[in-house]
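Reader: I am new to this structure and should be grateful for a close look at a single part of it. Please choose one element, describe it in detail, and then follow its links outwards.

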Amino acid sequence: MPKSRKEKLNEATARVLGWEWLKVSEFPTSVHVELLKLKKIPDPVGVRPSSVRDWSILGIGESKWAFKTTFTASSEDVNAPNVDLVFDGIDTFASIALNGNQILETTNQFVAYRIPVKNIIQAGVNELLLTFDSAFLKGREIEGKHGKFALWNGDSSRLHVRKAQYNYGWDWGPILMTVGPWKPISLQTYQNRITDLDVRTEISEDLNVKLTAGFTFSKEAPGFASFILKSPEGSIEASFTNIPTDAGHCMVSTSWKPGEIELWFPVGYGKQPLYVVEGCLSDQDGNILDTKTFRIAFRRARVIQDKLIDQDGLTFLFEINNIRIFCGGSNWIPADSFLTTVTTERYKAWLQLLVDGNQNMIRVWGGGIYEHDVFYDICDVLVWQDFMFGCGQYPAYDSFLESVQQEAEQNVKRLRHHPSIVIFDYQLAESLNLQLDYSDEKSDFRKTNFPARHIYERLLPDVVTKLCNIHYHRASPYSGCGKITTDRAFGDIHQWNVWHGSQEPWHNWDQLSGRFVSEFGMEGYPNIRTVDHWLGGDKTERFPQSRLNNNHNKADGFERRLELYLMENFKHSFEMESYVYYTQIMQAETLASAYRLWRRNWRGKGREYTAGALVWQINDCWPVTSWAIVDYFLRPKPAYFTVARELRPFTVGMTRKEEQTFKDGLTATFFTIKTVVEIWGTNSTLDEKEAKLEVTCFDLHSDWRERWEKAVLLAPNSSTELYKGDLPGQPIRTTKSEVPKTIIISARLIDKHGDVLGRYSNWPEPFKFIHFPPKEDLGLAATVSPDGESVLLTTRKPVKGVVLDVLGEDVKWSDQAIDLAPDDPQTVKAVGLKGRAVKLRFLGDGTA
């Protein structure tokens with residue numbers, strides 16, 4: 001009886017048509033990666049790319065390329081009942097021939113192809129040739145036939161091409177039109193095989209667990225299937241054997257009572273136990289024909305849209321195993337412009353940064369890719385998964401719909417067993433003035449100027465409903481209930497009125513909140529080492545407005561927007577390192593303020609006025625100045641740490657606002673101005689927390705201080721209001737020309753053991769109005785520990801925005817952008833410091 005066999009093809013040669021063949025260094029691969037290794041093209045992310053260097057390799061994306069390989073097939077292979085070539089991913093338009101016979105035309109980067117080749121393959125050496133057309137030129141061709149549609153970012157022809165959309169250039173990434181076999185190719189022989197093993201779990205409200213497993217086989221044939229479920233420890237939880245396969249499909253089911261199966265929780269709320277599924281197909285004689293093995297988990301995941309107390313609209317929140325969760329996290333873009341270079345180790349490092357940053361959700365953005373299995377395998381946070389549509393109005397002609405249907409079905413099947421994925425969605429470009437009657441659920445949307453609505457509201461939800469139990473959300477942003485997508489009382493919103501849009505002050509985040517803010521952000525320069533990497537030692541370009549620095553920021557109008565927010569808030573310098581610091585502190589303050597104010601809106605059941613915030617973005621695909629909070633080289637910016645502090649289990653927050661009261665209803669001259677402080681705490685745990693609120697006020701320009709404390713009880717899984725009153729030490733003013741005192745108010749939450757649960761210092765803003773004391777009067781000290789791997793920070797006066805650095809090799813810091821207060825020392829872990837002297841940057845350090 002022929003055995004099943006799977007062999008990956010692991011070597012090839014490549015060439016641009018008309019050039020010589022070049023041996024590839026790895027497989028899967030892409031043209032850019034191989035040419036870079038052979039030093040045939042300049043590196044767009046390497047040392048000192050010129051201002052036109054990413055443009056100089058555009059020709060790669062407009063050329064025809066070919067890859068070829070040979071492989072040996074045995075007589076047993078060619079005599080097998082079924083012989084298939086399987087292409088897991090081809091980027092993008094390719095004509096594929098085996099032994100001179102065309103077997104496949106590919107048109108979609110996100111689709112896998114399985115091609116029967118029994119009648120073509122031969123015993124001995126076989127040649128496989130992949131000839132690639134230019135996706136860019138092909139897209140322009142298709143656009144010419146089907147019409148031009150509106151979009152943001154990239155060339156409009158991308159809307160017709162099922163390829164990673166960011167390859168066309170984005171406001172954070174270069175134009176790099178990759179091409180090649182980007183996922184494995186394998187030869188597979190078999191008699192019968194498992195084409196699908198659909199394992200679904202259902203957890204009831206009382207946490208009873210039900211599992212169903214449906215097998216589908218490549219043909220109807222006598223034989224048997226078996227199904228085994230193993231616990232995380234390896235013990236067998238369920239086992240079914242000798243299941244007849246004659247019908248070409250079969251199903252088994254089982255159930256457990258509450259507590260008999262471990263439930264999966266996102267990090268911060270419990271464990272992430274993964275169970276192993278083993279499916280097996282054998283013939284009548286017991287010979288194993290095929291197996292499938294993967295991991296699953298058990299969790300009850302729901303999107304809750306309920307009426308609210310005290311406010312209009314509905315909640316938009318995620319509930320896992322009956323626990324409502326405030327989702328603090330990030331948006332994810334592809335981790336590299338060249339996808340085949342992203343290793344498992346890099347994925348692990350990125351996802352560990354999420355966990356270390358106290359984040360519990362990541363949104364896989366629709367302009368990239370459905371990520372590799374390893375991403376979801378190691379992901380311990382909730383995943384908001386986009387379908388691959390981004391920032392544009394897509395077409396809906398028949399061939400496009402067929403391709404999207406195949407893409408959606410394959411990827412839902414591939415991803416559905418990952419417990420981290422709790423929502424599928426797409427992206428909508430409502431502001432393109434399209435025909436949008438949200439009450440219309442019956443029309444043929446393909447006949448409107450919004451044809452893609454057929455994809456988003458018919459095709460995709462049908463696929464998701466048929467193939468999995470995961471929630472489908474029609475858009476991001478999307479309000480539902482007949483409301484426009486900017487309605488802050490329903491669904492999720494993208495809040496870009498800070499930076500984009502009306503360019504609001506970041507202090508207005510509380511007025512810009514929504515039920516769930518799935519995008520918002522602020523730009524900031526990366527680590528100075530990353531800047532120096534792209535400058536490549538050219539000191540003549542080491543200033544913010546230089547050509548090279550300009551080339552490494554792809555956002556339209558970034559100079560004006562950076563300076564708008566810098567000028568409104570900081571006295572700053574244009575010296576390179578100082579400018580990097582001030583943009584980073586600006587980003588850190590902006591994002592921390594958003595999480596602080598929106599987390600306050602999570603006020604308990606029925607009052608979840610804001611249920612989540614996902615910053616745009618956590619990562620970069622190349623060295624660049626962008627909205628990322630961690631740069632391409634996995635170097636966290638200060639904003640990463642301020643966000644992490646605001647997402648700790650316990651936090652304390654504060655606002656100060658001026659209240660102007662007129663003497664009567666007529667005068668415009670006689671009034672008083674007082675400063676009012678509000679303080680709240682947050683608790684993401686499921687238990688009440690007793691703590692002590694300790695508040696100290698300081699006058700920056702004298703030795704005056706005032707301190708008070710009170711016992712507080714933090715409500716579980718909620719924010720709790722703790723104090724409202726006048727700012728101590730601040731006199732009531734009767735004219736706006738009176739300069740208020742520079743009063744800093746520092747708050748700490750302390751548990752019964754004396755440990756600091758959370759701290760926050762509130763400074764008067766804008767910071768540019770503050771006259772900071774001379775450095776020598778601060779008493780600021782950074783003391784390196786005897787083991788050389790941590791730093792103790794102390795001060796005699798309040799200090800704002802401390803960023804630590806060293807000369808030479810970078811250090812892995814545990815915190816940055818630190819606000820220091822007297823009598824409140826803070827220790828920063830510093831892996832790799834090795835006892836070196838520490839440099840401190842802070843507001844008022846004399847560099848601005």
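Author: The account below starts from one helix and then moves to other parts of the chain.

The model is predicted, so local features are given only where pLDDT is at least 70 and side-chain atom pairs count only at pLDDT 80 or more, whereas totals for chains, interfaces and linings use all residues. Residues are numbered from 1 along each chain as its sequence is written, and side-chain values use heavy atoms, with hydrogens and water left out.

The chosen part is helix H8, which covers residues 453–467. Helices (H or I, at least four residues) and strands (E, at least two) are DSSP runs, numbered from the N terminus. The expected span of a helix is 1.5 Å times one less than its number of residues; for the 15 residues of H8 this gives 21 Å, and the end C-alpha atoms are indeed 21 Å apart. The helix nevertheless bends by about 30 degrees at Leu 460, and the proline Pro 461 follows within four residues. The bend at a residue is the angle between axes fitted to the seven residues ending there and the seven starting there.

Most of H8 is covered, since 11 of its 15 residues are buried. Buried means under 20% relative accessible area, exposed over 50%, and partly exposed in between, with a 1.4 Å probe and protein chains only. The buried set includes Arg 453, His 454 and Glu 457 as well as Leu 459, Leu 460, Pro 461 and Val 463. These buried residues pack against strand S13 (194–203), helix H7 (398–415), strand S26 (421–425) and strand S27 (471–472), where contact means heavy atoms within 4.5 Å.

One of these neighbours, S13, leads to a sheet. S13 belongs to an open sheet of three strands in the order S13-S14-S17, with antiparallel pairing. S13 and strand S17 (249–256) are the edge strands, each pairing on one side only. Neighbouring strands of this sheet are turned by 10 degrees against each other on average, direction ignored. Here axes are lines fitted to C-alpha atoms, for helices over the stretch in contact, and angles run from 0 to 180 degrees between N-to-C directions. Two strands pair if DSSP finds at least two bridges between them; strand S14 (residues 209–217) and S17 share eight bridges, and Phe 215 has Cys 250 in S17 as its bridge partner.

The residue at the bend, Leu 460, opens a second route. A nonpolar core is a set of buried Ala, Val, Leu, Ile, Met, Phe, Trp, Tyr and Cys residues joined through side-chain atoms within 4.5 Å. In the largest one, of 187 residues, Leu 460 is one of the members that touch the most others, together with Leu 229, Phe 298, Phe 318, Phe 387, Phe 520 and Trp 813. Helix H12 (residues 576–600) gives this core its largest share, 13 residues. Another core, of 39 residues, lies apart from it and has Val 24, Leu 35, Leu 98 and Val 179 among its members. In soluble globular proteins, nonpolar side chains tend to be buried together.

Phe 318 shows what such a core member touches. Leaving aside neighbours within four places in sequence, Phe 318 is in contact with Val 303, Ile 325, Met 361, Trp 384, Val 422, Ile 423 and Phe 516, among others.

Further strands complete the view. Strand S18 (residues 275–282) is mostly covered, with six of its eight residues buried. S18 pairs antiparallel with strand S15 (residues 224–230) over seven bridges and is joined to strand S19 (residues 288–296), also antiparallel, by eight bridges. Cys 280 in S18 stands opposite Ser 226, and its bridge partner in S19 is Thr 291. The hairpin of S18 and S19 has five residues between the strands, and there Gly 286 takes a positive phi near 90 degrees.

Finally, some backbone details deserve notice. Most residues other than glycine have a negative phi, and most peptide bonds are trans. Asn 358, however, has a positive phi near 65 degrees; Asn 358 lies in the loop between helix H5 (344–356) and strand S24 (361–364) and is partly exposed at 31% relative accessible area. A cis peptide bond joins Trp 616 and Gln 617, with omega about 10 degrees, and Gln 617 is found in the loop between strand S30 (612–615) and helix H13 (638–646).
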